[in-house]
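Hi everyone, thanks for making time for this. Let me put the structure up, and then I'll walk you through a few places in it.

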Amino acid sequence: MIRGLIFDLDGVIVSTEKNHFLSWKKIASSLGVVFTEKENESLKGINRRDSLNIILELANIRLSEVKINHLLNKKNELYKYSLRNLNKLDILDGVEDLLLEAKNKNILLAIGSSSKNASFILEKLKLTNYFNVIIDGTMVTKHKPSPEVFEKAANFMNLSPKECIVFEDSASGVSAAKEGGFKVIGVGNENIKLIADVYLNSMKEFNLSDYESVV
Ligand code: B16
Ligand code: MG
């Protein structure tokens, strides 16, 4: 029986992946690195520090810790500035209806995000109160593709992975969920079509009643 839903945030609840991409693109360009959507694909779901490492490795650049920290802060400033007008209207189609339906059916709800901005974003979207637990990038020691973020969410809800569904838009997140033994539904990113258990173009295609009796 499915008793819990665990949602990734960026790319599943709201399309902030675009904002991450454009902020990294500015950082990359300040380093003289060409950074396109293709390179960005490998950053999805990856935490901030590891994302910068990937960009630096792409360009074979080595920087001091001081410079790295400066770039991480700069990226986050650009990213948060780009979210200044984020509001309820930005919630992706089908998400809030599903949260409401699940709540009414006493299904537990969690966030499992790599982002350290998860609470800030959920507040802006006015979604915080739906969730029984929010596990984000400030609460894990091992980041996606490690399953820790989803395991912590399931543990908090007192559920086994088999009792949960994870919704993800990134390859690193799908791998994390599978590694943890969760059923994973890929959403809104055709690049994960072949690795997710089920793939949906949009959350509005998800039908909770199809899963209510799944053991
Ligand atoms: P921040 P998710 C991830 O969020 C994003 O997919 C990824 O692009 C981002 O680098 C990461 O959060 C860290 O975000 O810089 O806000 O801490 O998809 O796991 O919800
Ligand atoms: Mg994501």
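Let's start with Pro145, which lies in the loop between β3 (133-135) and α7 (148-157). When I say helix or strand, I mean DSSP runs numbered from the N terminus, with helices being H or I of at least four residues and strands being E of at least two. The peptide bond leading from Lys144 into Pro145 is cis, with omega near 15°.

Before going further, some housekeeping. This is a predicted model, so local features need pLDDT of at least 70 and side-chain atom pairs count only at pLDDT 80 or more, while totals for chains, interfaces and linings use all residues. Residues are numbered from 1 along each chain as its sequence is written, chains are lettered from A and ligands numbered from 1 in the order in which they are written, and side-chain values use heavy atoms, with hydrogens and water left out.

Now to the metal. Which protein atoms are the donors of the magnesium ion, ligand 2? They come from Asp8 (OD), Asp10 (O) and Asp169 (OD), at 2.0 to 2.1 Å from the ion. A donor here is an N, O or S atom within 2.8 Å of the metal (3.2 Å for Na, K and Ca), and since water is not among the atoms, sites may look incomplete. Along the chain, the spacing of these donors reads D-x1-D-x158-D. Asp10 is in the loop between β1 (4-7) and α1 (17-30), and Asp169 is in the loop between β4 (164-168) and α8 (171-179), so this pair ties together parts that are 159 residues apart in sequence. Both Asp10 and Asp169 are buried; that means under 20% relative accessible area, with exposed being over 50% and partly exposed in between, using a 1.4 Å probe and protein chains only.

Asp8 also brings us to ligand 1: a polar side-chain atom of Asp8 lies 2.8 Å from one of the ligand's oxygen atoms. Two further contacts to mention are a polar backbone atom of Leu9, 3.1 Å from an oxygen atom of ligand 1, and an N or O atom in the Asn117 side chain, 2.7 Å from an oxygen atom of ligand 1. How much of ligand 1 does the protein cover? It covers 99% of the 460 Å² of accessible area that ligand 1 has on its own, with areas from the Shrake-Rupley method and a 1.4 Å probe, where for residues only the protein chains shown count as cover. The elements giving two or more residues to the shell around ligand 1 are α1, α3 (48-58) and α4 (65-82).

Next, some loop residues. Gly11, in the loop between β1 and α1, is buried at a relative accessible area of 16%.

Are the other loop residues on my list buried or exposed? Asn60, in the loop between α3 and α4, is exposed at 72% relative accessibility. Its phi is near 55°, a positive value in a residue other than glycine. Asn106, in the loop between α5 (95-104) and β2 (108-112), has a positive phi too, near 60°, and is exposed at 67%. Finally, Leu89 sits in the loop between α4 and α5 and is exposed, with a relative accessible area of 79%. The C-alpha atoms of Leu89 and Asn106 are separated by 26 Å, with the two residues 17 apart along the chain.

That's my tour, thanks for listening!

Methods:
Polar contact = N/O pair within 3.5 Å; in protein donor to acceptor, adjacent residues only side chain to side chain.
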